[in-house]
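Biologist: I should like to learn how to read a structure of this kind. Might we go through it feature by feature?

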Amino acid sequence: EILLARRIDIGDVVLEGATLAQDVCYFRGLIANCLSKLGRHDECLALRREVWAESRRVGVLVNYGAAIDLGCSLLEDDPMSSISEAIELTRELIPLAREEYGPDAPITNKLRHILAIALCNLRPRLSLDSMIEGEAILTDVVRVSARALGPEHPWVPGLHRRLAGIRAYLEAARYQDAKWRESSRYYRVLIAHIDVMDELRRCG
């Protein structure tokens, strides 16, 4: 906050290639990260929404870091609207990131990871078609991550567990009626899926 205030005092000049508006977004993003670490998730989400909106207004280039941070916060929020927002955000940006950085680039992979988890989200209980799409995307995310980081990297086994949980649910769902999704079995089958945000924060 002190650095942000000092940068605003300096005024609208370019410092080390960054404008005032860009620096304000940067420092506010750091404050949002602090709020997240403190467990103040509602404040963090509100600030990350503002940072993303402002970065789009002032920037020529897409601020993928701000988008990934916002996507992670949206996945932590309960309302269905936040999950829908995460899906909409990543669907918009993935083609841009793929074109700019390549299909297997870390930024592209992080955005696809967020989309996959949003499509497979526990709380709004999206359609089976959404979960099937999410499973396919996550399968490729795991492939890219394992190749880039190596199979022994600590993030990779967690991704495999996440994928296994989703696949277990889909396999079980083939033999159950629609009411099964509303039962407690749903949560037991996907228990390994719940801690995904810890991995996303570490990857981010």
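Modeller: Let us begin with a pair of helices in this predicted model. Angles over 145 degrees count as roughly antiparallel, and α1 and α2 are therefore roughly antiparallel to each other. Helix α1 covers residues 2–10 and helix α2 residues 20–37; they pack at an angle of about 170°, with 9 Å between their axes.

Biologist: Which residues of α1 and α2 make the contact?

Modeller: From α1 come Leu3, Leu4, Arg7 and Ile8, while α2 contributes Leu20, Asp23, Val24, Phe27, Arg28 and Ile31. Sorted by class, this contact of α1 with α2 holds seven nonpolar residues, no polar ones and three charged ones.

Biologist: Arginine 7 belongs to helix α1. Is arginine 7 buried or exposed?

Modeller: The cut-off to remember is that buried means under 20% relative accessible area. Arginine 7 has a relative accessible area of 4%, so this residue is buried.

Biologist: What does arginine 7 touch, leaving aside residues up to four places away in sequence?

Modeller: Arginine 7 touches Val13, Leu15, Ala18, Thr19, Leu20, Asp23 and Phe27. Sequence distance and spatial distance are separate readings here: arginine 7 and phenylalanine 27 are 20 residues apart in sequence, and their C-alpha atoms are 9.2 Å apart in space.

Biologist: How many helices and strands does the protein have?

Modeller: The protein has ten helices and zero strands. Along the sequence the pattern reads α-α-α-α-α-α-α-α-α-α.

Biologist: What can be said of the protein as a whole, in terms of burial and contacts?

Modeller: Of the 204 residues in the protein, 44% are buried. For contacts, consider those with a separation of 6 or more: residues 24 or more positions apart account for 58% of them. The accessible surface comes to about 11,100 Å², and carbon and sulfur atoms hold 57% of that.

Biologist: How are α5 and α6 arranged?

Modeller: Helix α5 (residues 80–101) packs against helix α6 (residues 106–119) at an angle of about 155°, their axes being 8 Å apart. That makes α5 roughly antiparallel to α6. The crossing of α5 past α6 is left-handed. In the contact, the residues of α5 include Ile83, Ile87, Leu93 and Tyr101, and those of α6 include Ile107, Leu111, Leu115 and Leu119. The classes in the contact of α5 with α6 are 13 nonpolar, two polar and three charged residues.

Biologist: At what angle do the axes of α7 and α8 cross?

Modeller: The axes of helix α7 (residues 128–149) and helix α8 (residues 155–173) cross at roughly 155° and come within 10 Å. By the cut-off of 145 degrees, α7 and α8 are therefore roughly antiparallel to each other. Their crossing is left-handed. Among the residues that meet are Leu128, Ile132, Leu138 and Val142 in α7, and Trp155, Leu159, Ile166 and Leu170 in α8. The contact of α7 with α8 divides into 15 nonpolar, three polar and three charged residues.

Biologist: May we close with a residue outside the helices? Where is the place of asparagine 63?

Modeller: Asparagine 63 lies in the loop between α3 (41–58) and α4 (64–76). Partly exposed residues fall between the 20% and 50% cut-offs; asparagine 63, with a relative accessible area of 31%, is partly exposed.

Biologist: Which residues does asparagine 63 touch, not counting those up to four places away in sequence?

Modeller: Asparagine 63 touches Trp52 and Ser55. A separation of 9.7 Å lies between the C-alpha atoms of asparagine 63 and valine 51, which are twelve residues apart along the chain.

Note on methods
Residues are numbered from 1 along each chain as its sequence is written. This is a predicted model: local features need pLDDT of at least 70, side-chain atom pairs count only at pLDDT 80 or more; totals for chains, interfaces and linings use all residues. Side-chain values use heavy atoms; hydrogens and water are left out. Helices (H or I, at least four residues) and strands (E, at least two) are DSSP runs, numbered from the N terminus. Buried means under 20% relative accessible area, exposed over 50%, partly exposed in between (1.4 Å probe, protein chains only). Contact means heavy atoms within 4.5 Å. Accessible areas come from the Shrake-Rupley method with a 1.4 Å probe; for residues, only the protein chains shown count as cover. Axes are lines fitted to C-alpha atoms, for helices over the stretch in contact, and angles run from 0 to 180 degrees between N-to-C directions. Angles under 35 degrees count as roughly parallel, over 145 as roughly antiparallel, 65 to 115 as roughly perpendicular and the rest as oblique. A crossing is left-handed if the near helix is turned anticlockwise from the far one by less than a right angle, and right-handed if clockwise. Ala, Val, Leu, Ile, Met, Phe, Trp, Tyr, Cys and Pro count as nonpolar, Asp, Glu, Lys and Arg as charged, and the others, Gly among them, as polar.
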